[in-house]
Amino acid sequence: MAKGQIITFQDHENFRLRLILSTLAGKPIKIEKIRSHELNPGLKDYEVSFLRLLEKVTNGSVIEISYTGTTVIYRPGIIIGGVLTHDCPVSKPVGYFIEYMLFLAPFSKEKFSIVFKGITSSKEDVGVDLLKWGFLPVMENFGVRECSIHTLKRGSPPLGGGEVHLLCNSLIAQPITIHALEINKISSIRGIAYCTRVSPSIVNRIVSSVRDVLRNTIGCEVNITTDVWRGETSGKSPGFGLTLFSESKKGKNWRYCIEDIGLARETPEDIGEATSYKFLELLENSGVIGRNQLPLALTYMTIGKEDIGRLKVHKSQIDAKLVTMLRDIKSVFNTQFLFKPSPEEAEEDYLVATVKGVGFTNTSKKVA
């Protein structure tokens, strides 16, 4: 690609990731035909909000949005981070915004200290507990040691009222190269059952339901923490939810993590039981990490130093969305992943994802 040439994408799929890849690579992109065939074409309010957030955490970025909102041209600036507050629309939870800030935060000029206000969990997008217990350990395994997520206020849908603080003091030159080929044995199952503006008995019912399922299936410790929110810190709406994650004693702690929240006509028992069975399915169909953590890990592998990184994945994790993501990485960074069968005879359902890092360098840090 000639210098200054714009990389063009179509439709709203992978909208956030494409913007993040553009920012990391320092290459301008154009996203066109955004919902052009829908009754309400163009950008949604949460996508505009994400663009404004990118403007806040970068210096020199230029964003052009067409009159119809169906085309966006993004010319990235330098990642600067800073101390900020971002009000998220109630159409998406704060996790929608925090998730992809984790891709940028370690490579900033200054630390990230952002308070996000809005809904703290939803059915469709990642919640704050999953980010804390599932995504931060991935970052730590890539060398990002000082990153934290603090829930100041819980905010259940539909009205929200939550506040979450993302703090990243770990500014690194580039991710370390990983060779994650061993699937750790699970030593225990942990979790958080929480509720806002409802009876505390709700979380106890969730915990009981989880234990009924997991104790009969997994031969390890099951420990679920109850988290009851009252008063000013409990947001504006009643609600409850559950996050489950695994722990391993040996090797690096690559956690499996899953979550769900209760909506109308769903009982605490429904959420506890359904989430537990989904967690068992996750364990059965995952490689070193779960499907929801792969975009972060694969992006870090791509921008690592010019060395070969490896990650074991399960065949069922290679879906259409992941293929689109890998194509986007190739379009922006001109590199691609190779997937080869696991060398272990007993692992015919597993593949080893291999990529050579592009040698990305955080311009504010010196590479040793």
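Here is a short chat between a visitor and a guide about the predicted model above.

Visitor: Before we start, what kind of model is this, and which residues count for local features?
Guide: Residues are numbered from 1 along each chain as its sequence is written, and side-chain values use heavy atoms, with hydrogens and water left out. It's a predicted model where totals for chains, interfaces and linings use all residues, side-chain atom pairs count only at pLDDT 80 or more, and local features need pLDDT of at least 70.

Visitor: In what order do the strands of the four-strand open sheet run?
Guide: Strands here are DSSP E runs of at least two residues, helices are H or I runs of at least four, and both are numbered from the N terminus. Two strands pair if DSSP finds at least two bridges between them. The pairing in this sheet is mixed, and the order is β7-β8-β10-β9.

Visitor: Which strands stand at the edges of that sheet?
Guide: An edge strand here has a single partner strand, so one side of it is left without a neighbour in the sheet. That describes β7 (82-87) and β9.

Visitor: What is the bridge partner of Gly 82 in β8?
Guide: β7 and β8 (residues 112-118) pair in the parallel sense over six bridges. In β8, the partner of Gly 82 is Phe 112.

Visitor: Which helix lies across β7, β8, β9 and β10?
Guide: Contact means heavy atoms within 4.5 Å. Axes are lines fitted to C-alpha atoms, for helices over the stretch in contact, and angles run from 0 to 180 degrees between N-to-C directions. The helix you want runs at about 170° to β8, and its name is α3.

Visitor: Which residues touch the most other members of the largest nonpolar core?
Guide: A nonpolar core is a set of buried Ala, Val, Leu, Ile, Met, Phe, Trp, Tyr and Cys residues joined through side-chain atoms within 4.5 Å. Buried means under 20% relative accessible area, exposed over 50%, and partly exposed in between, with a 1.4 Å probe and protein chains only. This core has 82 residues, and the ones you're after are Met 101, Phe 112, Phe 116 and Leu 311. The largest share of the core, eight residues, comes from helix α3 (residues 95-104).

Visitor: How far apart are the end C-alpha atoms of helix α4?
Guide: The expected span is 1.5 Å times one less than the number of residues. For the 14 residues of α4 (residues 128-141) that should give 20 Å, which agrees with the distance in the model, 19 Å.

Visitor: Where in α4 does the kink lie?
Guide: The bend at a residue is the angle between axes fitted to the seven residues ending there and the seven starting there. Here the kink is about 30°, shortly before the proline Pro 137, and it lies at Phe 135.

Visitor: Is strand β15 enclosed or open, and how many of its residues are buried?
Guide: Cys 257, Glu 259 and Ile 261 on one side and Ile 258 and Asp 260 on the other are all buried, covering both faces. So β15 (residues 257-261) is largely enclosed by the rest of the structure, and the count of buried residues is five of the five.

Visitor: Which residues does the cis peptide bond join?
Guide: Omega of this bond is about 10°. One partner, Pro 158, lies in the loop between β9 (147-153) and β10 (162-168). The bond joins Pro 157 and Pro 158.
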